[in-house]
Amino acid sequence: MSDQEYKNIIEAILFTMGDAVDVGRIAKAIELDKGHTKRLLKELADEYEINGRGIRIIALDESYQMCTDESMYDYLIRIAKQPERHVLTDVMVETLSIIAYRQPVTRGEIEKIRGVSCDHAINRLIEYGLVTELGRLDAPGHPILFGTTEEFLRRFDVASIEQLPRVSPETVEQFKEEAERETPIDVPV
């Protein structure tokens, strides 16, 4: 195997491990002696520096680690400060509303209200940190109970669930009447 192939392997090891890796472990993995391995590590570190790469290989006692070049810190800070934008679809907003107002609530109860499956919406809401599993219902099958999180409260600028806007009974009746008009159902007598 050529020195370049060994350097490629070392590069992959350091990148994948993330933390500092002892030169002895690297040497053992690539089946070379420590001296040859150290020489390859030094050459690889020099190549990164000479080429002005954004990554460096640093020596820490008898270990080596891949890290970001100091000159890149400002850019890393800029990207880290950019808030991650999560787009909530209509389906997700509807599902989140049901969970917020009915919590703790099971997937089955949500689907009964929505009339369709909500697996994807619930999974995304959990991924976004807006919904969490609260436990299990003491019923057959022990379905998972869902509720909102502190992140939900922060994002929607409410101190507690009790501060969520309430819909008046008259408005609820109006919504029911509109829904019945939009979806006529023939019921046999």
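Strand β4 (residues 105-106) is joined to β6 by two bridges, and the two strands run antiparallel. The model is a predicted one. On β6, F146 is the bridge partner of V105. Strand β5 (residues 131-136) also pairs with β6 in the antiparallel sense, over five bridges. The points below treat β6, the other sheet and the two nonpolar cores in turn.

**Strand β6 and its partners**

- Strand β6 spans residues 144-148, and five of its five residues are buried, so the strand is largely enclosed by the rest of the structure.
- The residues of β6 point in two directions: I144, F146 and T148 face one way, while L145 and G147 face the other way, and all are buried.
- In the pairing of β5 with β6, V131 stands opposite T148.
- V105, the bridge partner of F146 in β6, is also among the residues that I110 touches.

**The three-stranded sheet and helix α1**

- An open sheet is formed by three strands in the order β1-β3-β2, with antiparallel pairing.
- The edges of this sheet are occupied by β1 (21-22) and β2 (55-60); each has a single partner strand, so one side of each is left without a neighbour in the sheet.
- Strand β3 (residues 63-68) is joined to β2 by six bridges, and these two strands run antiparallel.
- Within this pairing, I57 stands opposite M66 in β3.
- Helix α1 (residues 3-17) lies across β1, β2 and β3, and it runs at about 70° to β3.

**The largest nonpolar core**

- The largest nonpolar core has 20 residues, of which I99, I110 and F152 touch the most other members.
- Four elements each supply at least two residues of this core: α5 (90-102), α7 (119-127), β6 and α8 (150-155).
- Helix α5 provides the largest share of the core, with five residues.
- Leaving aside residues up to four places away in sequence, I110 touches T95, I98, I99, V105, C118 and I122.

**A separate core**

- Apart from the largest core lies another core, which has 17 residues.
- Its members include I26, I30, Y48 and M66.
- M66, one of these members, is the residue of β3 that stands opposite I57.

Terms used
Residues are numbered from 1 along each chain as its sequence is written. This is a predicted model: local features need pLDDT of at least 70, side-chain atom pairs count only at pLDDT 80 or more; totals for chains, interfaces and linings use all residues. Side-chain values use heavy atoms; hydrogens and water are left out. Two strands pair if DSSP finds at least two bridges between them. Contact means heavy atoms within 4.5 Å. Axes are lines fitted to C-alpha atoms, for helices over the stretch in contact, and angles run from 0 to 180 degrees between N-to-C directions. Buried means under 20% relative accessible area, exposed over 50%, partly exposed in between (1.4 Å probe, protein chains only). A nonpolar core is a set of buried Ala, Val, Leu, Ile, Met, Phe, Trp, Tyr and Cys residues joined through side-chain atoms within 4.5 Å.
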